[in-house]
Amino acid sequence: MRRFPLILGSRPRAPQLDGRLRTHEIRERFLSYFEDHGHHRLPSASLITRDDPSLLFTVAGMVPLKPYITGEQAPPAPLLVSCQKCFRGQGLLDDIAEVGDDSHHTFFEMLGNWSIGGYFKEGAMTAAWELLTEGYGLDAHRLRPSIYPDDAESERLWREVIGVPAESIARMTDNWWQAGPTGPCGYDSEIYWDWGAPCACGRQDCGPEDECGGDRWVELWNLVFMEFDQDEAGNRAPLPKRTVDTGMGLDRLCAVVQGVRSDYETDLFAGIVASLAERAVSGAETPGRTASLHVLADHVRAATFLIADGVLPGTEARGYVLRRVIRRAAIHGRRIGLGGGLAPSVGAVVAAMGDAYPEIVDNRVLVETTLRAEESAFERTLEAGADRLAALLDSGAGTIPGEEAFRLHDTYGLPIEVTMELATERGVAVDRQGFDAAMAEQRARSKAAHVRVGFEGGPSLPGTVFVGYETLDSAATVVRIGADHPRERLTEGEEDAVILDTSPFYAEAGGQVGDTGELLFDGGRALVLDTTLAGSARVHSTRVVEGSLAVGSTVHAVVDADRRARISRHHSATHFLNQALRETLGAGVVQRGSFVGPRHTTFDFSFGRALTPAELRHIEGRVNQRIRSNLQRQVELMPLPEARATGAIALLDERYSDRVRVVDFGGWSRELCGGTHVTRTGDVGAAIIVSESSIGQGVRRIEMVVGEAAERRWQEASDALQHTARALKAPAADVPARVTALQEQLRATRRELEQTRRTVALPGAGAGTGGLDAPPVDLGGGLRYVLLATDVDGDAVVEIADRLYAERLGGDGVAVAIGMDSFAIKAGTTARDRGLHAGDLASAAAVVMDGKGGGRPDFGRGGIRDPGKREQGMTWIRAELTRLGEGNGS
């Protein structure tokens with residue numbers, strides 16, 4: 001066999017054929033092998049994709065390399081190698097439901113090597129065969145390559161160069177690769193591993209080409225040879241630079257090298273599975289228990305990496321996928337009696353993979369906190385939806401309707417995948433098509449108008465040199481006008497996007513808003529209303545107020561200095577707040593986002609509860625203490641690994657270049673940041689925390705004002721206090737006590753009024769049903785309802801509904817009491833047997849009255865935000881109950 005050539009001066013590594021290489025050795029051996037053969041090692045990119053709107057996650061090793069392969073960006077070297085973390089849980093690449101067997105995963109590591117215009121088929125084949133047989137010591141007789149049937153060149157190379165017998169080369173029609181109907185495409189060749197006969201298909205002599213679905217042949221490595229560019233007519237022209245793109249799953253490679261049939265028996269998973277098994281209720285090793293342990297091990301690992309990369313559970317996009325993963329794992333945890341939930345096994349994931357991926361070490365507390373919070377929320381979801389799901393499963397119907405599955409998702413937060421899995425266990429199907437239709441209808445109703453900012457095709461635009469760190473005004477030349485279509489000039493009163501060759505304007509990024517200002521030119525002036533990024537270009541939203549601005553014009557670009565200074569004060573203050581939060585609440589606090597403007601800043605961070613007033617005072621005091629210390633700002637540019645090693649804080653979901661900008665204030669606050677900042681902490685002036693609130697599960701938001709905005713806040717608060725003091729005719733210091741006394745007096749008066757109303761509406765027992773003058777309505781089949789509108793508030797409607805139910809209906813039927821600000825619904829057995837769910841009815845009726853509602857099958861309650869819609873709400877409830885009678889009456 002011809003050898004893959006070593007690059008001159010590299011250090012060949014002798015293989016250590018110890019028969020039991022560990023995962024970290026297998027990973028490093030792959031990367032080092034290709035480094036020694038002239039490849040540039042790339043670090044793993046985030047699981048969150050940045051430049052591909054069609055993907056939520058990095059699903060393959062080549063995803064971060066698309067700009068290099070398409071020619072949009074120059075690669076750091078023509079030969080590349082990486083071990084890329086990947087996640088598949090979206091669209092066609094959704095493996096969540098498949099996990100549970102021996103080989104499927106949602107999260108995995110993809111080993112890959114690329115040649116962009118360098119070696120091609122022979123080099124890729126030679127390297128792969130040499131590494132597998134000599135680097136990992138695999139038996140060449142148990143390796144079989146596959147080719148496309150008419151790929152004569154690949155067949156010749158496998159036979160003549162590698163030495164594979166012709167009869168051992170599988171010919172398969174799916175060995176053709178293309179990303180879509182047009183674009184790069186070409187043959188590919190896969191390498192299979194033979195676990196040996198017999199195969200689960202029952203045959204002794206099956207091969208990869210038989211695609212028997214058995215367990216004998218495992219696809220190990222895929223070598224893709226991109227050499228054509230296909231047009232819309234199907235014609236194929238040679239690519240300017242032929243590209244090799246290979247991929248091999250690390251989990252599967254480890255299983256083969258370590259000689260185990262299941263990925264979950266490798267050393268990578270052994271500790272994770274053990275940490276779960278030891279906390280599960282003891283029992284026999286059944287296929288079901290094994291599958292649950294596999295699901296838990298995979299999903300805990302996947303959730304750990306997703307959260308560490310900045311994903312949080314939610315109802316849309318990436319957040320919803322993570323929620324599905326966590327909740328499916330929680331279901332399997334319940335099945336095996338897992339004590340303590342998912343979070344205790346994060347440590348096992350960190351122990352197995354933390355050396356290779358330090359981000360999961362840094363964010364371990366965040367991961368554990370997030371998992372606990374989501375599991376707790378799911379427990380409440382299951383409790384709320386359990387009765388409804390049980391009723392559907394016990395109904396005797398063979399299928400749960402799509403609209404009912406959607407209600408479980410929308411009202412109770414039960415993911416469709418969990419509903420389907422629980423239903424399957426009971427032999428009940430779920431109308432997935434109907435669910436998808438209901439989901440599509442909801443999305444169509446709620447879809448907001450999308451406003452595109454900037455230009456299409458950012459990478460192809462002329463770049464802008466940014467000089468705004470050093471100066472706020474500079475000479476520049478207009479290189480393009482027009483967002484959608486280029487134009488030659490802007491005349492007075494017109495507004496469009498303008499790109500300059502040089503600009504002092506900061507473009508919106510990292511939470512900081514873009515600069516504004518003006519462009520001065522011969523015979524005219526234009527206002528810059530905003531600045532954004534499109535690739536390397538700075539897009540200035542510009543309105544000409546005098547004269548005519550043309551492409552090629554020389555302008556004097558001037559940033560609004562006062563506004564920039566106010567923004568910089570707020571941006572620096574967010575750094576101080578971040579550090580103060582970490583000091584006060586612990587290193588588990590992780591920034592989730594921010595808004596930095598001239599009037600205020602907001603700072604979003606991960607934390608599982610509301611902050612106490614004492615904590616907020618301490619944090620605000622710490623920020624102001626460091627402001628008074630007047631710490632000097634220092635800015636350094638350095639390699640990303642070096643910056644992380646110095647303790648600089650980085651955003652979880654931010655994509656950084658190889659060299660990063662580190663902003664340091666006196667060694668106290670140190671962050672990776674491309675924004676604008678004050679020179680010394682004292683330049684901020686002072687800071688006030690305005691509010692602290694929840695913006696989602698496990699995420700808090702602090703709003704803060706500094707400098708002039710803080711001064712205004714103090715003045716407004718002082719004016720309000722003085723005005724209140726004058727109104728109360730009391731000293732300012734006595735205002736809190738006086739207001740408290742007035743509030744108590746008001747509450748007492750309201751209680752007296754409520755009691756009076758209740759006495760009128762609810763006379764004593766001796767009065768029989770007096771005051772409840774709402775006649776029952778017969779719906780047929782023994783079902784009646786009564787609806788009463790009253791002027792009571794609060795809990796009194798519940799008392800009225802109870803009495804209507806008992807005294808007017810005799811303890812069965814549907815009783816509805818509608819007050820001034822809320823309503824209550826009580827449903828008896830007959831109504832529930834006919835499918836009425838009081839909580840669902842209350843939820844829907846509340847929407848009619850601009851409120852919110854919910855409850856149990858037998859009792860529901862809702863709020864009335866718009867009293868003017870009470871009649872509309874009552875009419876809607878009557879119609880729903882009438883419909884129930886018409887559909888189920890005798």
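# Exercises on strands and packed helices

Strand S27 (residues 659-665) and strand S28 run antiparallel and are joined by 4 bridges. The model in which these strands are found is a predicted one, and the exercises below work through several parts of it.

## Exercise 1: A sheet of 3 strands

Task: Work out which strands stand at the edges of the open sheet that holds S26, S27 and S28, and why one side of each is left without a neighbour.

Solution. Begin with the strand order, which is S26-S27-S28 in an open sheet with antiparallel pairing. Strand S26 (633-639) and strand S28 (669-672) are the edge strands, and each has a single partner strand, so one side of each lacks a neighbour in the sheet. From one strand to the next, the twist averages 20 degrees. A particular pair of residues can then be located, since valine 662 stands opposite leucine 672 in S28. Finally, add the helix: H15 (residues 561-585) lies across S27 and S28, and its direction runs at about 115 degrees to S28.

## Exercise 2: A sheet of 6 strands and its helices

Task: Find the order of the strands in the open sheet of 6 strands, and then say which strands helix H20 lies across.

Solution. The order is S31-S32-S33-S34-S36-S35, and the pairing in this sheet is mixed. At the edges stand strand S31 (777-780) and strand S35 (853-855), each having a single partner strand, so that one side of each is without a neighbour in the sheet. Neighbouring strands are turned against each other by 15 degrees on average, with direction ignored.

Next, consider one pair within the sheet: strand S33 (residues 814-818) and strand S34 (residues 822-827) pair over 5 bridges in the antiparallel sense. For alanine 817, the bridge partner in S34 is alanine 824.

The last step concerns the helices. Helix H20 (residues 796-808) lies across strand S32 (783-789), S33, S34 and strand S36 (859-863), and it runs at about 145 degrees to S33. Helix H22 (residues 838-848) also packs on the sheet, where it touches S34, S35 and S36, and its direction makes about 15 degrees with that of S36.

## Exercise 3: Two helix crossings

Task: Decide how helix H3 is placed relative to helix H4, and how helix H7 is placed relative to helix H9.

Solution. Two packed helices are described by the angle between their axes and by the distance between those axes. For helix H3 (residues 121-135) and helix H4 (residues 152-162), the axes come within 10 Å and cross at roughly 45 degrees. H3 is therefore oblique to H4. The crossing of these two helices is right-handed. On the H3 side the residues are Lys121, Glu122, Met125, Thr126 and Trp129, and they meet Glu153, Ser154, Leu157, Trp158, Val161 and Ile162 in H4. Sorted by class, this contact of H3 with H4 has 6 nonpolar, 2 polar and 3 charged residues.

For the other pair, the axes of helix H7 (residues 287-308) and helix H9 (residues 346-353) come within 9 Å and cross at roughly 75 degrees. H7 is therefore roughly perpendicular to H9. Val300, Arg301, Thr304 and Phe305 of H7 make the contact with Val346, Val349 and Met353 of H9. By class, the contact of H7 with H9 has 5 nonpolar, 1 polar and 1 charged residues.

## Exercise 4: A residue of H9

Task: Determine whether alanine 352 is buried, partly exposed or exposed.

Solution. Alanine 352 is found in helix H9. Its relative accessible area is 33%, so alanine 352 is partly exposed, given that buried means under 20% and exposed over 50%. As for its place in the chain, alanine 352 is 154 residues from proline 198 in sequence and 34 Å from proline 198 in space, C-alpha to C-alpha.

## Exercise 5: The surroundings of S25

Task: Establish how many residues of strand S25 are buried, and which strands are joined to S25 by bridges.

Solution. Strand S25 (residues 601-606) is mostly covered, with 6 of its 6 residues buried. Thr601, Phe603 and Phe605 point one way from the strand, while Thr602, Asp604 and Ser606 point the other way, and all are buried.

Turning to the partners, strand S24 (residues 591-596) is joined to S25 by 5 bridges, and the two run antiparallel. Glycine 593 has aspartate 604 as its bridge partner in S25, and a hairpin of 4 residues joins S24 to S25. S25 is also joined by 6 bridges to strand S30 (residues 699-706), again running antiparallel. In S30, methionine 704 is the bridge partner of threonine 601.

Conventions:
Residues are numbered from 1 along each chain as its sequence is written. This is a predicted model: local features need pLDDT of at least 70, side-chain atom pairs count only at pLDDT 80 or more; totals for chains, interfaces and linings use all residues. Side-chain values use heavy atoms; hydrogens and water are left out. Axes are lines fitted to C-alpha atoms, for helices over the stretch in contact, and angles run from 0 to 180 degrees between N-to-C directions. Angles under 35 degrees count as roughly parallel, over 145 as roughly antiparallel, 65 to 115 as roughly perpendicular and the rest as oblique. A crossing is left-handed if the near helix is turned anticlockwise from the far one by less than a right angle, and right-handed if clockwise. Contact means heavy atoms within 4.5 Å. Ala, Val, Leu, Ile, Met, Phe, Trp, Tyr, Cys and Pro count as nonpolar, Asp, Glu, Lys and Arg as charged, and the others, Gly among them, as polar. Two strands pair if DSSP finds at least two bridges between them. Buried means under 20% relative accessible area, exposed over 50%, partly exposed in between (1.4 Å probe, protein chains only).
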